[in-house]
Amino acid sequence: QVQLVESGGGLVQPGGSLRLSCAASGSIFSGGVMGWYRQAPGKQREFVATIDSGGFLSYASSLKGRFTISRDSAKNTVYLHMNTLKPEDTAVYYCSFWSNAEGTYYWGQGTQVTVSS
């Protein structure tokens, strides 16, 4: 089992920045891919960014340049640095972990990000 706990969401003005954190615990040492997805009201969940066990990064093309994913392996924590935020970035942001060993996704509970003046 893997547990993911997100934090760092909140209300921010357009043009502002936020850093989301996702602390992972459980069976993550066999390798996998950690990432972020988001879901805006009335829309499907969409891919934001991932980082795999080898450090390979992947981004949604529309977000690359404003969002950066990083990790602290010692803390089993993944971060999403979000800059120049726009109202359309408003969504619930979910941390994910794809387990290579189990062939399944784990999800956090989500953290709300609201971009508004």
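A residue is called buried here when its relative accessible area is under 20%, and exposed when that value is over 50%, with partly exposed in between. Aspartate 89, at a relative accessible area of 1%, is therefore buried. Please keep in mind as we go that this is a predicted model. Aspartate 89 is a good place to start the tour, and its charged partners come next.

Side chains of opposite charge can pair when their charged atoms come close. In this structure the count of salt bridges is three. Aspartate 89 takes part in one with arginine 38, at 2.9 Å from N to O. This pair links distant parts of the chain: aspartate 89 sits in the loop between β8 (77–82) and β9, while arginine 38 belongs to strand β4 (residues 32–39), 51 residues apart. Both of these residues, aspartate 89 and arginine 38, are buried.

Aspartate 89 also forms a salt bridge with arginine 66, and here the closest N and O atoms are 2.8 Å apart. Arginine 66 is found in the loop between β6 (57–59) and β7 (67–72), and aspartate 89 in the loop between β8 and β9, so this salt bridge ties together parts that are 23 residues apart in sequence. With a relative accessible area of 14%, arginine 66 is buried as well.

Now go back to arginine 38 and look at its other acidic partner. The side chain of arginine 38 meets that of glutamate 46 in a salt bridge, at 2.5 Å from N to O. The two ends of this bridge have their own settings: arginine 38 is buried, with a relative accessible area of 8%, whereas glutamate 46 is partly exposed at 37%. What do the shared partners of these salt bridges make of Arg38, Glu46, Arg66 and Asp89? They join the four residues into one network.

A short step along the chain brings us to alanine 91, which lies in strand β9. Its relative accessibility is 1%, so alanine 91 counts as buried. Which residues is alanine 91 in contact with, leaving aside its neighbours within four places in sequence? The answer is Arg38, Gln39, Ala40, Thr111, Gln112 and Val113. Arginine 38, which we met as a salt-bridge partner of aspartate 89, thus turns up again among the contacts of alanine 91. For a sense of scale, the C-alpha atoms of alanine 91 and glycine 55 are separated by 26 Å, the two residues being 36 apart along the chain.

Strand β9 also leads us to a covalent link. There is one disulfide, and it joins cysteine 22 to cysteine 95 with an S to S distance of 2.0 Å. The torsion about the S-S bond of these two cysteines is about -80°, so the disulfide is left-handed. Cysteine 22 lies in strand β3 (residues 18–26) and cysteine 95 in strand β9 (residues 91–99), so the bond ties together parts that are 73 residues apart in sequence. Cysteine 22 and cysteine 95 are both buried.

The last stop is the aromatic side chains. A pair of aromatic rings is described by the distance of the centres and the angle of the planes. Four aromatic pairs turn up in a search of the whole structure. One of them brings together tyrosine 37 and phenylalanine 47, which are edge-to-face, with 5.7 Å between centres and 70° between the planes. Tyrosine 37 is in strand β4 and phenylalanine 47 in strand β5 (residues 46–52), 10 residues apart, and the pair links distant parts of the chain. Tyrosine 37 is buried at 15% relative accessibility, while phenylalanine 47, at 27%, is partly exposed.

Tyrosine 37 pairs with tryptophan 107 too, again edge-to-face, at 5.2 Å centre to centre and 70° between the planes. Here tyrosine 37 in strand β4 is linked with tryptophan 107 in strand β10 (residues 104–107), 70 residues apart. Tryptophan 107 is partly exposed, with a relative accessible area of 35%. Together, Tyr37, Phe47, Trp98, Tyr105 and Trp107 form one aromatic cluster.

Finally, have a look at arginine 45. It lies over the face of tryptophan 107, at 4.6 Å from the ring centre. The charged end of arginine 45 also sits over the ring of tyrosine 94, 3.8 Å from its centre.

Technical notes: Residues are numbered from 1 along each chain as its sequence is written. This is a predicted model: local features need pLDDT of at least 70, side-chain atom pairs count only at pLDDT 80 or more; totals for chains, interfaces and linings use all residues. Side-chain values use heavy atoms; hydrogens and water are left out. A disulfide is a pair of cysteine sulfur atoms within 2.5 Å. Helices (H or I, at least four residues) and strands (E, at least two) are DSSP runs, numbered from the N terminus. Buried means under 20% relative accessible area, exposed over 50%, partly exposed in between (1.4 Å probe, protein chains only). Contact means heavy atoms within 4.5 Å. Rings of Phe, Tyr and Trp (its six-membered ring) pair if their centres lie within 6.5 Å; planes under 30 degrees apart count as stacked, over 60 as edge-to-face and the rest as tilted. A charge sits over a ring if NZ of Lys or CZ of Arg is within 6 Å of the ring centre and within 35 degrees of the ring normal.
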